Amino acid sequence: MNSPNPALVTQRAAQRLPRGALLLFCAAYVLPGMFGRDPWKNADITAFGYMVNLAQGRSAWFAPTVAGLPSDGALLPYWLGAVFVKLLGPWFGPSLAARIPFAILLALVLVLTWYSTYYLARTEAAQPLPFAFGGEADPVDYARAIADGALLALIASLGLLQLGHETTPDLAQLASVALFLYAMAASPFRATPAKVAMLVALPALAASGAPSIAAALGAVGAVVCWRSAYVSAREFSLWVLVSTALGVIAALLVDAWAWRLGSYGSRAQVVALLKELAWFTWPAWPLAFWTLWRWRRHLLHRHISVPLGCVGVSLLACIGMGGSDRALMLALPPLAALAAFALPTLQRSTAAAIDWFSVFFFTICVLVIWVVYIAMQTGVPPQPAANVARLAVGFVPGFSLPAVVIAALATIAWLWLVKWRTGRHRHPLWKSLVLPAGGVALCWLLLMTLWLPLLDYARSYRPLIARVARHVPKDACIAATNLSRGQLVALEHMGGYRVDAATPVAATRCDYLLQLESRSKPAAAREGWRLVARERRPTDKEEVTAIYRREPVAH
């Protein structure tokens with residue numbers, strides 16, 4: 001327990017990231033993608049359908065349905081979205097209204113990750129070594145600098161990009177895990193807020209569809225608290241157990257207990273899992289491994305054991321669920337906290353390698369985004385324009401001056417950031433994560449401004465619904481046999497149809513039938529139904545939606 005601390009940090013290195021810049025990072029990451037688009041396939045629009053049906057009174061609050069099919073038990077996020085749709089839907093539209101609380105949850109994840117890391121860095125074992133003649137970092141300044149690094153590491157994580165901007169129960173689970181991490185980290189310093197956070201975190205996680213993960217986190221948290229050197233933290237173990245019990249009760253009340261175990265039947269599946277782990281958690285995982293190595297004699301101290309336990313639970317859940325990226329996403333906040341503690345021990349050559357990789361990689365990505373956008377608008381260069389026309393058949397690009405202005409300002413900011421980092425700014429601890437986080441935020445912002453119409457056309461079901469509307473009149477009743485829940489939601493809320501997916505085809509009273517088929521293997525003809533057309537999404541080459549109409553009964 002008295003092993004030497006590997007962190008040697010001067011006061012100059014503990015300067016914090018300017019708050020204005022930090023807020024701009026967060027805004028550039030959270031806000032793009034909120035506006036000007038439909039719910040996307042598949043999880044995004046499926047969750048949206050449950051929320052809207054609850055808000056519009058089409059299903060019971062304890063039994064949300066889409067086209068007659070029940071939900072998966074994650075009631076809390078659906079209630080949250082439904083409340084916002086009911087309150088704000090008339091002003092902003094159901095789609096944006098449902099997205100607002102989940103954008104708030106994403107912002108909350110960023111805030112909680114910062115504060116969690118801040119309190120972990122305030123513990124005695126995490127503090128840097130004092131110098132013989134003074135000049136070491138002030139404890140509070142050091143903790144703030146480490147917390148800034150954790151926030152940048154989280155923003156830079158590739159796996160959070162799409163999943164973190166969806167309107168799904170997974171984001172509520174992520175916020176619950178971040179709240180649990182905060183409660184564990186803050187318990188030695190702010191007892192009352194930590195207790196309140198703990199009492200909310202695990203029940204919210206269980207009611208959001210992850211009760212087994214909540215129970216596992218509770219067990220790990222209790223063990224970590226029991227072993228803590230802080231008396232207040234040891235006493236906090238009781239609150240962890242109470243929260244775990246409340247989580248179990250919440251899961252039973254909303255019927256959220258369900259085992260979704262996967263299997264690994266081939267070597268290819270194992271390789272795919274390893275690849276997913278490598279890219280999804282980049283760049284936090286190599287820094288986290290470096291933390292574990294440099295702080296290997298401190299693994300039982302809170303600043304390592306708390307985030308490491310959370311990462312372990314999420315990683316085991318991911319593996320047990322067959323490589324679920326949504327379970328793996330829950331590891332990102334604690335993994336970012338672990339990664340931040342690598343910064344005081346990072347060698348200058350390693351930091352330079354991260355910087356130059358980020359400069360080249362993200363600059364190339366930015367150039368590609370701009371070149372393709374210019375090609376969509378002007379036809380020059382011709383090859384990117386031809387590729388877009390081939391992959392997104394029927395897409396007509398539009399021009400938005402505000403989008404171009406925002407994208408141009410963001411690109412200029414990136415160039416300034418590269419110039420700043422490649423200058424003589426070598427001292428702040430968080431410097432090595434500025435370019436990765438800035439590059440990810442910039443690329444996301446450019447995609448959600450310059451490419452948003454194209455991505456919306458490719459990811460939305462609206463083009464398919466427009467094609468279905470050529471053959472099926474408004475307000476018609478449609479029977480659906482094997483359509484995904486996302487397609488069912490699109491038919492209900494984009495097409496205005498009455499959709500029945502719960503009644504067998506032989507017993508349905510609907511006059512139209514939609515069936516999912518493979519383009520290479522069309523389904524056999526159905527007795528009593530006449531094939532009207534086969535339609536597909538413009539960007540889907542294989543999946544075909546067959547439209548049938550009931551044959552009139554002969555008299």
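This report walks through some bonds, contacts and backbone details of the structure above.

The model is predicted, so local features are taken at pLDDT of at least 70 and side-chain atom pairs at pLDDT 80 or more, while totals for chains, interfaces and linings use all residues. Residues are numbered from 1 along each chain as its sequence is written, and side-chain values use heavy atoms, with hydrogens and water left out.

## Cysteines

A good place to start is with the cysteines. A disulfide is a covalent bond between the sulfur atoms of two cysteines. Here it is counted when a pair of cysteine sulfur atoms is within 2.5 Å. How many disulfides does a search of the whole structure find? The search finds one. Its partners are Cys477 and Cys510, with sulfur atoms 1.9 Å apart. Cys477 lies in strand E3 (residues 477-480) and Cys510 in the loop between strand E4 (498-500) and strand E5 (512-518), so the bond ties together parts that are 33 residues apart in sequence. The names of helices (H or I, at least four residues) and strands (E, at least two) come from DSSP runs, numbered from the N terminus.

Are Cys477 and Cys510 buried or exposed? Both are buried. In this report, buried means under 20% relative accessible area, exposed means over 50%, and partly exposed is in between, using a 1.4 Å probe and protein chains only.

Cys365 is in no disulfide, and the nearest cysteine sulfur, in Cys443, is 4.7 Å away. Cys365 is partly exposed, with a relative accessible area of 23%. Why is Cys310 without a bond to the closest cysteine sulfur? That sulfur belongs to Cys225 and is 11 Å from the sulfur of Cys310, too far for a bond. Cys310 is buried, with a relative accessible area of 3%.

## Salt bridges

Next come the charged side chains. A salt bridge is counted when a side-chain nitrogen of Lys or Arg is within 4 Å of a carboxyl oxygen of Asp or Glu. By this rule there are nine salt bridges, and the table shows some of them.

| Salt bridge | N to O distance |
|---|---|
| Arg19 and Asp148 | 2.8 Å |
| Arg326 and Asp170 | 2.8 Å |
| Glu517 and Arg534 | 2.8 Å |

Arg19 and Asp148 meet in a salt bridge. This pair links distant parts of the chain: Arg19 sits in helix H1 (residues 19-30) and Asp148 in helix H5 (residues 139-156), 129 residues apart. Arg19 is partly exposed, at 27% relative accessible area, whereas Asp148 is buried at 0%.

Arg326 forms a salt bridge with Asp170. Here the linked parts are helix H14 (residues 325-329), which holds Arg326, and helix H7 (residues 169-186), which holds Asp170; the two residues are 156 residues apart. Arg326 is partly exposed, with a relative accessible area of 22%, and Asp170 is buried, with 12%.

Glu517 forms a salt bridge with Arg534. The pair joins strand E5, where Glu517 lies, to strand E6 (residues 529-535), where Arg534 lies, across 17 residues. Glu517 is buried at 7% relative accessible area, while Arg534 is partly exposed at 37%. Elsewhere, Glu166, Asp170 and Arg326 are joined into one network by salt bridges that share partners.

## Two packed helices

H7, already met through Asp170, also packs against helix H8 (residues 191-207), at an angle of about 150° and with the axes 8 Å apart. The axes are lines fitted to C-alpha atoms over the stretch in contact, and angles run from 0 to 180 degrees between N-to-C directions. H7 and H8 are therefore roughly antiparallel, a label for angles over 145 degrees, where under 35 is roughly parallel, 65 to 115 roughly perpendicular and the rest oblique.

Contact means heavy atoms within 4.5 Å. Residues of H7 that meet H8 include Val177, Phe180 and Tyr182. On the H8 side, the residues in contact include Pro193, Met198 and Leu205.

## Backbone details

A cis peptide bond joins Lys41 and Asn42, with omega about -5°. Asn42 is in the loop between H1 and helix H2 (43-55). Another cis peptide bond joins Trp282 and Pro283, with omega about 0°. Pro283 is in the loop between helix H11 (267-280) and helix H12 (284-294).

Ala67 has a phi near 55°, a positive value in a residue other than glycine. Ala67 lies in the loop between strand E1 (65-66) and strand E2 (69-70), and is buried at 6% relative accessibility. Asp475, also a residue other than glycine, has a positive phi near 65°. Asp475 is in the loop between helix H21 (462-468) and E3, and is exposed, with a relative accessible area of 54%.
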